[in-house]
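Biologist: I should like to understand how the terms used for a structure follow from its values. May I put some questions to you?

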Amino acid sequence: KPDDTNLGNYNPDAPLAQQFRNPVHCAELSNDNLLYVCDRSNDRIQVFKPDGTFVKEAIVAKKTLAEGSVWDIAFSKDAAQKYIYLVDGANAKIRILLRDTLQVLTSFGDGGRQPGQFLEVHSIALDSKGNMYTTETAQGKRIQKFVYKGIGPVVKEDQGVIWPKTNAK
């Protein structure tokens, strides 16, 4: 059972902690009643049944230190919630995971102030059409909207910055 013992600093080479480090940064309930928890400082997402029974976990960007890699999540808007959109504020990325396996399929973003870049991306939400909204904390101080254009093939592990298209000829 969890307690409030200070686990000390996260060490990516040590065995996985059996409890959360502070801060736990999100808790989201899926349509099928599973609870997804952002264990930010341990670089992991954990899944539980409503009664607290552990289901599974995945480590994301294991070598991320300090503020950790799992800040917030949102589920895709299909009925099965096939995908998880995961905010990685320390690495300035949005990672897209398969919800059933927690496998990272791809990511996009990078550090900076331009469209599609992030300065401490902090939170994420999807509207009913699947459009994505991100917020940035600290020096970012903005909201970005990413318009949903459908599902396409994953062509590389990291998409980099998704720059807005221009109509220049």
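Modeller: The following exchange concerns a predicted model.

Biologist: Why is the pair of Phe20 and Phe48 called edge-to-face?

Modeller: The ring planes of Phe20 and Phe48 stand at 75°, and an angle over 60 degrees counts as edge-to-face. The centres are 6.2 Å apart, which is within the limit of 6.5 Å, so the rings pair.

Biologist: Where in the chain do Phe20 and Phe48 lie?

Modeller: Phe20 belongs to the segment before β1, and Phe48 to strand β3; the two are 28 residues apart. Together with Phe54, Phe20 and Phe48 form one aromatic cluster.

Biologist: What makes Phe48 count as buried?

Modeller: Phe48 has 14% relative accessibility, and buried means under 20%, so the term applies. Phe20, at 32%, falls between 20% and 50% and is therefore partly exposed.

Biologist: Why is the pair of Phe108 and Phe118 called tilted?

Modeller: The planes of Phe108 and Phe118 are at 50°. This angle is neither under 30 degrees nor over 60, so the pair is tilted. Both Phe108 and Phe118 are buried.

Biologist: How do you know that Arg40 lies over the face of Trp71?

Modeller: Arg40 is 3.9 Å from the ring centre of Trp71, and the distance must be within 6 Å. Arg99 likewise lies over the face of Phe75, at 5.9 Å from the ring centre.

Biologist: What makes β5 and β6 a pair of strands?

Modeller: Four bridges join β5 to β6, and at least two are required, so the strands pair. One bridge links Asp72 with Val87 of β6.

Key. Residues numbered from 1 in each chain as written. Predicted model: local features only at pLDDT ≥ 70, side-chain atom pairs only at ≥ 80, totals over all residues. Heavy atoms only, no water. Phe/Tyr/Trp six-rings, centres within 6.5 Å; stacked < 30°, edge-to-face > 60°. Buried < 20%, exposed > 50% of the residue type's maximum accessible area, 1.4 Å probe, protein only. Lys NZ or Arg CZ within 6 Å of the ring centre and 35° of its normal.
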